[in-house]
Amino acid sequence: MTEQTAPKSPVTTEQFIDEIKEQLKYNQGVTLEQATDADIYVASSLAVRRHLMDSWTATQKAMVEGNTKAVGYLSAEFLIGKQLRNALLNLGMLTEFDEAVKTLGHDPQLVVDAEYEPGLGNGGLGRLAACYVDSLASLGVPAFGYGIQYKYGIFKQEFDAEGKQVERPDYWLANDEPWGHIDYNRSQKVSFGGEVVEENGKKVWKPVWSVRAVPVDYMVPGYASGRVDTLRLWSAKSYDEFDLLTFNKSEYLDAVKPQVEAENISKILYPEDSTPQGKRLRLEQQYFFVAASLHDAIRVFYPGQDKPDLTTFPDKITFQLNDTHPVIGIPELMRILIDEYDYDWDTAWDITTKTFNYTCHTLLPEALEVWPVDLINELLPRHMEIINEINEHFLAELKGLTRDKERINRMRIVTEGEHPQVRMAYLATAGGSHVNGVAELHSQLLKDVTLRDFSDLFPTKFTNVTNGVTPRRFIRLANPRLSALITEGLGTDKWLSDLDLLQGLVPLANDDEFVKKFAEVKHANKVAFANFAKDRYGFEANPDTMFNTMVKRLHEYKRQSLKILALISRYAAIKNGTVNVDDVLPRTVFFGAKAAPGYYMAKLTIQLINNVARVVNNDPDVKGKLAVHFPANYNVRLAQHLIPATELDEQISQAGKEASGTGNMKFALNGALTVGTLDGANVEIRERVGADNFFLFGLTVDEVEALYEEGYDPAKYYEADPRLKMAIDMISSGTFSDGDRNTYAPLVADWLTKDYFMTLADFSAYADIQYQIEDLYRQPMEWNRKAILNVANTGYFSSDRAIEDYLERIWHTSPLAD
Ligand code: 26Y
């Protein structure tokens, strides 16, 4: 990426004041005296949006007329976070905004706080999609993010009096939403159900119900690139016509039901993170947004053409499938080409396979989506025919490549048997040009294990693109103090568009003055977080203790249980005098995690963490030494506050289970040290920051495999390490359940008898490394030197670099010329 200095504001403060006033008057119809913080938020957002408009239309024009291929990022989730400050940053208007709002008598922070965060994603995959559209725009690559504007985003998490998770609906659209523009004039019709008939030797799909997909456009401003891309999120609206319906039967009500309920399609985000269930509505959602997006792209790139030459489609746009969720796009494009535009099979297949690429985000076999053939038949009968035909063609192709019948059978896209299913990951691999994993280790395991047969026969399809995160939101906006220090240290702010420049900080890790300034920044961030936490959550966090954080979805493989067991064991050791309280390094532990509503073990773990926090925080014996806080409803906003204040970050998943992780990158870039396993992108982070500057522990992938092979017995570890035994016994004795011995029995039973993710096997190594961590923390200069080296050496994990890798390895396209 060509480095850019910060953009210059298109307006003066005075002009911006006038623009805000104008919006208040002509859009909202309120006087300045009446205006609340929320009014000022809406007015300034609308004013800012206007400044993006010219670049947005220019970018689209250049895209359609230009000679560079666009990118279509198809994703069921975009966890974009709040928009206002990000837009201000990318336009160079942060200062003008602050000044204008103050002049108007409001507090800029309260105005920004009035924005309601859109929760249109579950976690890593959704946030990654948001970082990627940011980087596409910042690099000047023409792009569409295509997804769904869910009416209800990820549930709001609360905790009840017992510390259990309670889910509340997140009706974010009940608030003013100035960023999304609903474009009723560019809607698409998406149909479902019915049957396939033959007419004049041609297959014709006669669906029975339809839904209107209405685009809601969000502008995606590039940082200092002058380009603004589009995030187009589809919203489902009912048609009031029933003309499609063939209800000559008495089943009128049954027939119209899906039509009447069509708007349900975009009503709610599935709150699962990696355990797909065969849900009809989810398949409807997937087809809904993918079909609308493909038709939209044809409309955009072949305006006004009845019979466009779609053999050029792959030169116009390349579609990235963000996990298997949009994979139904492969048979849909085939259907469009064959049924709607009369192409023959081979031509259609050639266009389709050139158009799509697939990113896999998991290693857990149970997380790979499969759809029952019966369900697809019912909702999308023509697609099922096409999938069957793809399967037949693919099996024929395989026969030309290998004589190994078993292998061919393993690779079937449509399984055999009484309840046949479609394996979406296989369909994606067969139907696209490239398949990538999201970190080196993950991509290797995909090739060696998950998609091994495919990689053996189609080795050139497979590649890696290690994930990345946007430095604009996660350094500049989240951590202005560190940003200023980096700019001071490097003598330029160009690092925001070329994160490799952070390397220039390496020598400063030996400059005591700089290290002290860095330490001051971290401390100021801790104080700021403590204030935020007091204000927002009502708890006191002592900034003079180590801030130690574990934030991510709650999942057994991520092993929040390892963290809580180690914490309990430390607490127990103080309580029974095994450890002298004066020798304990004061530590404040923060958790943030949502559990899928139906995930029993995860929810029980949340309850345990909350109750450990309650007991520990109220115990005078450990006061000032150990505190645990679990703010509810971890989201992008909380991430932006907590990450800059964190000194020690936990990335402790079982090796071979976390595809990449992206929180790990955000923490390292903000100067936290990581305690972690050799999993996902941790491996690459450690390589780059240096083994001395990373706290590594735990089994490796190979050791995990070997242990499964020999027969894993967790009870052995419980007996062998008294620290572990003490912790588990303390839970069993009812310490964290008011004396009730049964509350956590299912967790304890699982640890002692199954422990699939080997928490117990890694416990001792994890408990041991705490001594190293604490020794280092007692030498603040040394700790901070290492923290600086983490910042300096992790520029690679910018999403700009990731997008450049996609451009080169997968998309084969480039930024628009000026
Ligand atoms: C099928 C449906 C229920 C579903 C919904 C969401 C399945 C999966 C997901 C989300 C998966 C996810 O967030 N995966 C994470 O993707 C990140 C970005 O690549 C990785 O860093 C992280 O390791 C991976 O768990």
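**Helix packing and selected residues in a predicted model**

Let me start with one helix pair: H8 and H10 are oblique to each other, a label that applies when the angle is neither under 35 degrees (roughly parallel), nor over 145 (roughly antiparallel), nor from 65 to 115 (roughly perpendicular). What we have on the screen is a predicted model, in which local features need pLDDT of at least 70 and side-chain atom pairs count only at pLDDT 80 or more, while totals for chains, interfaces and linings use all residues. Residues are numbered from 1 along each chain, as its sequence is written.

To continue with that pair, helix H8 covers residues 280–301 and helix H10 covers residues 329–340, and their axes come within 10 Å and cross at roughly 45°. Axes here are lines fitted to C-alpha atoms, for helices over the stretch in contact, and the angles, which run from 0 to 180 degrees, are taken between N-to-C directions. The helices themselves are DSSP runs of type H or I with at least four residues, strands are E runs with at least two, and both are numbered from the N terminus. H8 passes H10 in a right-handed crossing, that is, the near helix is turned clockwise from the far one by less than a right angle, whereas an anticlockwise turn would make the crossing left-handed.

Which residues bring these two helices together? On the H8 side they are Val 290, Ala 291 and Leu 294, and they meet Gly 329, Glu 332, Leu 333 and Ile 336 in H10. By class, the contact of H8 with H10 has 5 nonpolar, 1 polar and 1 charged residues. For these classes, Ala, Val, Leu, Ile, Met, Phe, Trp, Tyr, Cys and Pro count as nonpolar, Asp, Glu, Lys and Arg as charged, and the others, Gly among them, as polar. Two residues are in contact if their C-beta atoms, placed from the backbone, lie within 7 Å.

Now to a second pair, helix H21 (residues 560–575) and helix H22 (residues 600–617), which pack at an angle of about 25° with their axes 11 Å apart. H21 and H22 are therefore roughly parallel to each other, and H21 passes H22 in a left-handed crossing. From H21, Gln 560, Ser 561, Ile 564, Leu 567, Ile 568 and Tyr 571 take part, and they meet Thr 605, Leu 608, Ile 609, Val 612 and Val 616 in H22. The residues of this contact divide into 8 nonpolar, 3 polar and no charged.

The third pair joins helix H6 (residues 124–139) and helix H32 (residues 799–811), whose axes come within 9 Å and cross at roughly 75°. That makes H6 roughly perpendicular to H32. H6 contributes Cys 131, Tyr 132, Asp 134, Ser 135, Leu 136, Ser 138 and Leu 139 to the contact, and H32 contributes Ser 799, Asp 800 and Ile 803. By class, there are 5 nonpolar, 3 polar and 2 charged residues in this contact of H6 with H32.

Let me turn to single residues. UniProt, in an unreviewed entry, lists Lys 666 for "modified residue: N6-(pyridoxal phosphate)lysine"; its positions are given in the numbering used here, feature names are shortened, and annotations may be inferred rather than shown by experiment. Lys 666 is found in helix H24 (residues 663–669). Is Lys 666 buried or exposed? Lys 666 counts as buried because it has 29 C-beta neighbours inside 10 Å, the rule being that a residue is buried with 20 or more other C-beta atoms within 10 Å of its own, exposed with 12 or fewer, and partly exposed in between, where C-beta atoms are placed from the backbone. Leaving aside neighbours within four places in sequence, Lys 666 is in contact with Val 469, Phe 474 and Ile 643.

Gly 145, in strand E2 (residues 143–148), has 28 C-beta neighbours inside 10 Å and so counts as buried. Gly 145 and Arg 232 are 87 residues apart in sequence but 5.9 Å apart in space, C-alpha to C-alpha. Not counting residues up to four places away in sequence, Gly 145 touches a set of residues including Tyr 73, Phe 78, Val 133 and Arg 232.

Finally, some backbone angles. Most residues other than glycine have a negative phi. Asn 633, however, has a positive phi of about 60° although it is not a glycine, and this residue lies in the loop between strand E19 (626–629) and helix H23 (636–642). With 19 C-beta neighbours inside 10 Å, Asn 633 counts as partly exposed. Met 758 likewise has a positive phi, near 60°, and is placed in the loop between helix H29 (745–753) and helix H30 (759–777); with 23 C-beta neighbours inside 10 Å, Met 758 counts as buried.
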